[in-house]
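The following paragraphs introduce a structure to a reader who has not met it before. Please keep the sequence and the three-dimensional view at hand while reading.

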Amino acid sequence: PKILLAFGTRPEAIKMAPLAILFRNLNEYFEMRICVTGQHREMLDQIMEFFDLTADYDLNVMRPGQNLCSLTSKIINDMRPVLEDFKPDYVFVHGDTTTSTAVALASFYNGCKVAHVEAGLRTFDKWAPFPEEMNRNLTSKLADVHFAPTTTASANLINEGIDNKSISVTGNTVIDALHLGLEIIESRPSEYIDKLKETIDFSRPIILVTGHRRENHGDGFINICAALREISLNEEVNIIYPVHLNPNVQKPVFEFLSDLPNVFLIPPQPYESFIWLMSMATIIITDSGGVQEEAPALGKPVLVMRESTERPEAVQAGTVMLVGTDQRKIVDFTHQLLHDNALRLSYSGISNPYGDGHASEKIIRFLFPEALKSYDEKKL
Ligand code: UDP
């Protein structure tokens, strides 16, 4: 079978990498090609390099001043020659980006089957997060096969009338990526990790912060920064904050936090040093989706700076606490976690609702059970 994996942003690349690697390892059975749209150019390229992947097609779609309409139409247009050239049996898309929805639509128009990885996440508010919630809904309509990370996600799809037989609950490939990533950083030196070790004292408790979501731009980030300023009064802790390049994030963060000796404002980190930072952190404060899934696998408590999440499983499991952008909640929860050792340690005992790191295998097995025969034999 001919398989096309199409993606364009950093989180998609991270979460599709383990699948790409497994398809590549099964090259006696599959012909796999990768198409990138380049929606997050630099961050995407870093991930490709880290996982040793190369794109067979690179649409490089970003243009200055582009909006969602022009981006979507460009991806749809540019996908056509790719699909006509390769004629894939399945096009794999991921999650909720403009890339995934536009590629799914182009595939549908060209008569190709679509497999949707990380399907079924919902906030049930069509405007939040924007445009991701709508992107997810539309991709589900277009897809022929749906790989739901959890039973909650699968139930969402069934409630929308999607045929049970086309859904498989697999766990999230982000955990596969994390395991692979940690193995890679164990096995080879990293200049990025070495640089962090040189500049920051990791014997102190580390609070790792990331934030970029559109809905937090403006007052949200101002509150978050005020909370971090207050937390930094505790001189025992180091706050490490890889600051997203978006000017709506950069401006308040540098204005509020650049003069504090125990707050380290660093550039967005390559995946390798970011997962290392997560593994070193005592507490993670974030509005990222992927980090909510990764942190429980590392046994770390996460404060999520959002009002709602499409990842309720982690909240139910107790590893994720929704704090919104409320300064008091962020400060009080952090304080409690720093001072209550038993509470903090309890997070390492919670099992990860996003799976065991074998999601990619389950995905391929569902569609092509025969393909993994030789792989299974090798493992035995
Ligand atoms: N990440 C990274 N470097 C950073 C911050 C995050 O490599 O400085 C990784 C993180 O491990 C996770 C992914 O990027 O896998 C999350 O991406 P993002 O927060 O941009 O998107 P979301 O998950 O919210 O869609």
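**A guided reading of the model**

Pro131 is located in the loop that joins β5 to α5. Such names refer to DSSP runs numbered from the N terminus, where helices are H or I runs of at least four residues and strands are E runs of at least two. Residues are numbered from 1 along each chain as its sequence is written. The model is a predicted one, in which local features need pLDDT of at least 70, side-chain atom pairs count only at pLDDT 80 or more, and totals for chains, interfaces and linings use all residues.

The loop that holds Pro131 has further features of the backbone. The peptide bond from Phe130 to Pro131 is cis, and its omega is near 0 degrees. Pro129 is also placed in the loop between β5 (113–117) and α5 (132–142), and the peptide bond that leads from Ala128 to Pro129 is cis as well, with omega near -10 degrees. Glu118 belongs to the loop between β5 and α5 too. Although Glu118 is not a glycine, it has a positive phi of about 60 degrees.

How crowded are the surroundings of Glu118: is it buried or exposed? A residue counts as buried if 20 or more other C-beta atoms lie within 10 Å of its own, as exposed if 12 or fewer do, and as partly exposed in between, with C-beta atoms placed from the backbone. Glu118 is buried, because 30 other C-beta atoms lie within 10 Å. Asp52, in the loop between α2 (41–50) and β3, likewise has a positive phi of about 60 degrees without being a glycine. Asp52, however, is exposed, because 11 other C-beta atoms lie within 10 Å.

The strand β5 takes part in an open sheet of 7 strands, ordered β3-β2-β1-β4-β5-β6-β7 and paired in parallel. At its edges stand β3 (57–58) and β7 (167–169), each of which pairs on one side only. Two strands are said to pair if DSSP finds at least two bridges between them. Within the sheet, β1 (residues 2–7) and β4 (residues 90–94) are joined in the parallel sense by 3 bridges, and Leu4 has Val91 as its bridge partner in β4. In a regular strand the side chains alternate between the two faces of the sheet.

Helix α4 (residues 98–109) comes next in this account. The helix has 12 residues and reaches 16 Å from its first C-alpha to its last, close to the 16 Å expected at 1.5 Å a residue (the expected span being 1.5 Å times one less than the number of residues). Of the 12 residues of α4, 9 are buried, so that the helix is mostly covered; among them are Thr99, Val103 and Leu105.

Another set of parallel strands is centred here on β9 (residues 238–242), of whose 5 residues 4 are buried. With β8 (residues 206–210), β9 pairs in the parallel sense over 3 bridges, and Ile207 has Ile239 as its bridge partner in β9. Between β8 and β9 the chain passes through helix α9 (residues 219–231), forming a right-handed β-α-β crossover. Right-handed means that, with the strands pointing away from the viewer, the path from the first strand over the helix to the second runs clockwise. With β10 (residues 263–266), β9 pairs in the parallel sense over 4 bridges, and Tyr241 stands opposite Leu265 in β10. A right-handed β-α-β unit is also made by β9, helix α10 (residues 247–257) and β10.

The ligand remains to be placed. Around it are 16 residues (those whose C-beta atom, placed from the backbone, lies within 6 Å of it), of which Pro242, Phe274, Ser288, Gly289 and Gly290 come nearest. The elements that contribute two or more residues to this shell are α1 (10–25), α11 (271–280) and α12 (289–297), and α12 gives the most, with 4 residues. The ligand lies between domain 1 (2–171 + 357–379) and domain 2 (191–349), because both give residues to the shell; the domain bounds come from an automatic or database domain assignment.

Finally, Ile350 lies in the loop between α15 (341–346) and α16 (359–367). Ile350 is partly exposed, because 14 other C-beta atoms lie within 10 Å. Ile350 and Gly318 are 32 residues apart in sequence, and their C-alpha atoms are 7.9 Å apart in space.
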